[in-house]
Amino acid sequence: MPHTIDSILAHYESDSAATRANLAKLLSHGKLGGSGKLIVLAVDQGFEHGPSRSFAVNHAAYDPHYHFQLAIDAGLSGFAAPLGLLESGAKTFADKIPTILKMNSGNSLVAGEPNQAITACVDDAVRLGCSGIGFTIYPGSDHTYEMIEKMKDLIAEAKSKGLFVIIWSYPRGNMSSAGETGLDVVSYGAHMACLLGAHIVKVKIPTDHLEKEVDRQALIAGKIPYKTLEDRIEYVVKSCFAGRRMVIFSGGAKKTDKELLEEVHDVKKGGGFGSIIGRNLFQRPRQEALSLIDEMIRIYKGK
């Protein structure tokens with residue numbers, strides 16, 4: 001086993017051999033295998049935003065098999081999606097790429113406080129041969145405590161069955177719009193995910209906005225730099241148990257190649273463990289998406 005993977009797995013001191021093997025499988029797969037970096041394709045946008053906004057720009061993306069094949073051909077580390085999408089390619093793509101069952105989702109037809117519904121169970125992940133499960137929490141929502149209590153049992157069950165856990169930690173609700181991606185809020189949400197028992201944390205790219213004056217004063221007193229994106233990435237990694245838990249960063253809404261690759265450079269320089277990306281791949285023509293991934297991989301490999 002490459003030393004990089006071994007050193008990462010050493011941080012997961014309480015996990016079973018089966019869970020650590022699934023983490024090793026993810027870290028070993030694809031063009032970044034053995035590098036200690038990850039790029040995961042996540043396709044849950046059909047649930048979150050609907051098929052029109054998600055796939056009309058690229059008609060091939062209405063077909064679930066398109067996403068499996070894109071992730072495989074791009075040499076990605078893994079593929080995350082809700083139950084029905086993974087079921088649609090379970091036989092065709094079995095064992096061709098590590099899969100992650102996204103176990104909760106929201107939808108844009110519902111107004112009100114941010115929330116998500118559980119849409120699958122851990123046994124579904126086992127049945128489909130998944131390596132891990134994933135779900136979203138919204139720190140700051142009025143539903144935060146309810147979501148955390150639901151996650152507690154799912155996390156314990158997943159670990160008991162040898163699966164790893166990814167938490168999408170997206171602060172929303174009782175904060176400003178700018179606060180959702182502010183450094184103090186993003187790092188708080190990331191730390192909460194670690195405390196809940198996540199093996200891997202997914203967060204949005206943090207801005208230099210600080211939502212809470214008390215946090216701004218704490219960063220100043222601690223002499224923690226945060227004006228550059230590299231500094232902010234480094235601080236989010238520090239907030240994830242000083243790098244003892246992997247944190248990967250969302251691609252977010254579709255960006256230009258230049259914008260996305262600049263972010264990837266800063267994630268790499270700041271010590272982030274990689275990217276989890278969706279619309280920035282499947283909303284591009286296939287060949288453009290593959291070329292973009294090659295550039296991201298080159299950056300994460302330090303080339």
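Which residue stands opposite Gly132 in E7? In this predicted model, in which local features need pLDDT of at least 70, side-chain atom pairs count only at pLDDT 80 or more and totals for chains, interfaces and linings use all residues, Gly132 stands opposite Phe164 in E7. Residues are numbered from 1 along each chain as its sequence is written, and side-chain values use heavy atoms, with hydrogens and water left out.

The protein chain holds 14 helices and 10 strands, where helices (H or I, at least four residues) and strands (E, at least two) are DSSP runs numbered from the N terminus. Eight of the strands form a closed barrel with parallel pairing, in the order E1-E2-E3-E6-E7-E8-E9-E10; two strands are taken to pair if DSSP finds at least two bridges between them. From one strand to the next the twist averages 25 degrees, with axes being lines fitted to C-alpha atoms, for helices over the stretch in contact, and angles running from 0 to 180 degrees between N-to-C directions.

With regard to overall dimensions, the C-alpha atoms of the protein chain fill a box of roughly 55 × 45 × 45 Å along the principal axes. The radius of gyration of the protein chain is 18 Å, which agrees with the value near 19 Å that a compact globule of 303 residues would have; this radius is taken over C-alpha atoms, and the globule rule is 2.2 Å times the number of residues to the power 0.38. The accessible surface comes to about 12800 Å², of which 53% belongs to carbon and sulfur atoms, as computed by the Shrake-Rupley method with a 1.4 Å probe, with only the protein chains shown counting as cover for residues. Of the 303 residues, 53% count as buried, a term that means under 20% relative accessible area, whereas exposed means over 50% and partly exposed lies in between (1.4 Å probe, protein chains only). Among the contacts (heavy atoms within 4.5 Å) with a separation of 6 or more, 74% are accounted for by residues 24 or more positions apart.

Within the barrel, strand E6 (residues 132-137) is joined to strand E3 (residues 99-102) by three bridges, and the two run parallel. Across this pairing, Ile100 has Gly132 as its bridge partner in E6, and Lys102 stands opposite Gly134 in E6. Strand E6 is also joined by six bridges to strand E7 (residues 164-169), again in a parallel arrangement, and here the bridge partner of Phe135 in E7 is Ile167.

In a regular strand the side chains alternate between the two faces of the sheet. In E6, Gly132, Gly134 and Thr136 on one side and Ile133, Phe135 and Ile137 on the other are all buried, so that both faces are covered. Strand E7 is largely enclosed by the rest of the structure, because six of its six residues are buried; both of its faces are covered, with Phe164, Ile166 and Trp168 on one side and Val165, Ile167 and Ser169 on the other.

Trp168 of E7 is also one of the contacts of Asp44, which, leaving aside its neighbours within four places in sequence, is in contact with Pro82, Lys102 and Trp168. Asp44 lies in the loop between strand E1 (38-42) and helix H3 (45-49) and counts as buried because its relative accessibility is 9%. By contrast, Glu213, in helix H10 (residues 213-221), is partly exposed, with a relative accessible area of 45%. Glu213 and Asp184 are 29 residues apart in sequence and 9.8 Å apart in space, C-alpha to C-alpha.

A pair of aromatic rings is described by the distance of the centres and the angle of the planes. Rings of Phe, Tyr and Trp (its six-membered ring) are counted as pairs if their centres lie within 6.5 Å, with planes under 30 degrees apart classed as stacked, over 60 as edge-to-face and the rest as tilted. By this rule there are four aromatic pairs. Phe55 and Tyr62 form an edge-to-face pair, at 5.7 Å centre to centre and 70 degrees between the planes, in which Phe55 is buried at 9% relative accessibility and Tyr62 is partly exposed at 42%. The rings of Phe68 and Phe93 are stacked, at 4.7 Å centre to centre and 5 degrees between the planes. This pair links distant parts of the chain, with Phe68 in helix H5 (residues 64-73) and Phe93, 25 residues apart from Phe68, in the loop between helix H6 (83-88) and E3. Phe68 is buried at a relative accessible area of 3%, and Phe93 counts as buried at 6%. Ring pairs also link Phe55, Tyr62 and Phe282 into a cluster.
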